[in-house]
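Biologist: Could you take a close look at the hollow spaces in this one for me, and at whatever sits in them? I'd like one connected walk-through rather than a list.

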Amino acid sequence: MRVLSGIQPTGRFHWGNYFGAIRQYIDLQHAHDGLYFIANLHALTTIREPELLRKLSRDAALDLLALGLDPDKATLFLQSDVPEVSQLCWILMTGTPLGLLERCHAYKEKKAKGLSADAGLFTYPVLMAADILAYDANWVPVGQDQVQHIEVCRDIATSFNHHFGEVFVLPEARVLDSAAKVPGIDGEKMSKSYDNTISMFEDPKAIRKKIMRIQTDSRPMESPKDPETDHLYQLFSLFAPPEKVAEMAVLYRRGGFGYGEIKKALADAAEQYFKPSQDRRAELETRPDTVTDILVAGAQRARSKAAEVLARVESACGIRAPK
Ligand code: ADP
Ligand code: TRP
């Protein structure tokens, strides 16, 4: 299977990004042909500072490599290094009904808030469709919030195929249910927009401090608690081995503990979990050329596939000679 996903470099990656999306990329790279990119063209709809966008794009690549993306197994590249995607985006745009885009949540939410949206935000799902279709991707691992965009991609591809013949492979979204919604320190969905995130690459002391600030309820220590509805427990389950999680569930149901104890256990488990990635990141930071080389080689591989698909599309719709 060809597996493809993109992630926007719009801020420091956090636990939600890791458990909801990045961990899947890393798991899938072993048995599949993986293509992963930093979606800097999409990020341009929100980041308008050139130095910041460059820095965040670079940091995103470092983070993915440090977290275990292996350039010998998977292809890692910058979205903008494959211009064929933008060319394909235009072709797809010519056949995309406005109504399909008006239903997409990012645009709808902005409009509902009375804010004016630009064409980039409105057509964002078409660029995402081009990202996916340009590589004949079969599976797209994403968090729950991106599933709608994959549906739009399938609609666009289906109608193109209907009109011009079987040109595109139809992709499928792959969502990890167990981490569909990682809670943040306030118990809401962890998201950089809510300022409730914990990153795997923050200073360990800062991470501990944030964990200590995780909001908990005010029930007395003695009263038993339901682990399944507690976000501290949910976070602990992401890091600790199953036997430790089972022991923790017993403790919750029995009661008689303070949340401070659980927070300490969570901080220890998280620190241990991400220690190898932190070390790898520090080491990679001393070799900036290696990261550049990986991105250049990745873009070359990705471009050769995208060029092949673009030629097929252009032939099918009359932009170039028939095949
Ligand atoms: P943010 O909400 O911080 O802006 P993004 O929207 O850039 O994060 O998300 C990048 C990827 O990480 C997406 O695939 C998204 O579904 C996933 N993701 C983000 N936050 C979470 C979360 N709290 N739980 C699970 N997955 C998440
Ligand atoms: N829109 C996705 C997000 O915000 C990022 C993205 C861009 C993407 N192109 C993609 C994800 C193609 C999967 C496939 O998370």
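Modeller: Let me pin down one word before I start: a cavity here is a set of grid points, laid over the protein atoms alone, where a 1.4 Å probe fits but cannot get out. Keep in mind as well that this is a predicted model.

With that meaning, the structure holds one cavity of 30 Å³ or more. The volume of the largest cavity comes to about 80 Å³. Its lining is made of Trp15, Met200, Pro204, Ile207 and Arg208, together with Ala267, Ala270, Glu271, Phe274 and Gln278. Two elements, helix H10 (204-212) and helix H13 (259-285), each give two or more residues to that lining. H13 has the largest share of the cavity lining, with five residues. Sorted by class, the walls of the cavity have seven nonpolar residues, one polar and two charged.

Now for the open space. The largest pocket has a volume of about 1500 Å³. It is lined by 49 residues, and Gln8, Tyr124, Asp145, Gln146 and Lys192 are the closest to its centre. Several elements each supply at least two residues of this lining: strand S1 (2-7), helix H1 (15-28), helix H6 (105-112), helix H8 (124-133) and strand S4 (139-141). H1 is the top contributor to the pocket lining, giving five residues. As for chemistry, the pocket lining splits into 21 nonpolar, 19 polar and nine charged residues.

So who lives there? Ligand 1 sits in the largest pocket, and the space taken by ligand 2 is the largest pocket too.

Take ligand 1 to begin with. It has 16 residues around it, with His14, Asp145, Val182, Ser191 and Lys192 the closest. Asp145 and Lys192 should ring a bell, as they are also among the residues closest to the pocket centre. For polar contacts, Asp145 brings a side-chain N or O atom to 2.4 Å from an oxygen atom of ligand 1. Asn17 also faces an oxygen atom of ligand 1, with a polar side-chain atom 3.1 Å away. Met190 uses its backbone instead: an N or O atom there lies 2.9 Å from a nitrogen atom of ligand 1. On its own, ligand 1 would expose 540 Å², and the protein buries 88% of that. Its shell has six nonpolar, six polar and four charged residues.

Next comes ligand 2, with 14 residues around it; Gly6, Gln8, Tyr124, Asp131 and Gln146 come nearest. Gln8, Tyr124 and Gln146 are again among the residues closest to the pocket centre. A nitrogen atom of ligand 2 has a polar side-chain atom of Tyr124 at 2.6 Å. Asp131 likewise puts a polar side-chain atom 2.8 Å from a nitrogen atom of ligand 2. On the oxygen side of things, a side-chain N or O atom of Gln8 is 3.1 Å from an oxygen atom of ligand 2. Ligand 2 has 370 Å² of accessible area when taken alone, and the protein covers 91% of it.

Which elements build the shell of ligand 2? S1 and H8 each supply at least two of its residues, and H8 has the largest share with four. By class, the shell of ligand 2 breaks down into eight nonpolar, five polar and one charged.

To put it together: an enclosed cavity of about 80 Å³ with H13 giving the largest share of its lining, and an open pocket of about 1500 Å³ that takes in ligand 1 and ligand 2.

How values were computed
Residues are numbered from 1 along each chain as its sequence is written. Chains are lettered from A and ligands numbered from 1 in the order in which they are written. This is a predicted model: local features need pLDDT of at least 70, side-chain atom pairs count only at pLDDT 80 or more; totals for chains, interfaces and linings use all residues. Side-chain values use heavy atoms; hydrogens and water are left out. A residue is near a molecule or strand if one of its heavy atoms lies within 4 Å of it. A polar contact is a pair of N or O atoms within 3.5 Å; within protein, one must be able to donate a hydrogen and the other to accept it, and residues adjacent in sequence count only if both atoms are side-chain atoms. Accessible areas come from the Shrake-Rupley method with a 1.4 Å probe; for residues, only the protein chains shown count as cover. On a 1 Å grid over the protein atoms alone, a cavity is a set of points where a 1.4 Å probe fits but cannot get out, and a pocket is an open set with protein on both sides within 12 Å along at least five of seven lines; lining residues have an atom within 4 Å of a point. A molecule sits in a cavity or pocket if more than half of its atoms lie within 2 Å of its grid points. Ala, Val, Leu, Ile, Met, Phe, Trp, Tyr, Cys and Pro count as nonpolar, Asp, Glu, Lys and Arg as charged, and the others, Gly among them, as polar. Grid points are joined across faces, edges and corners, and a volume is the space filled by probe spheres set on the points.
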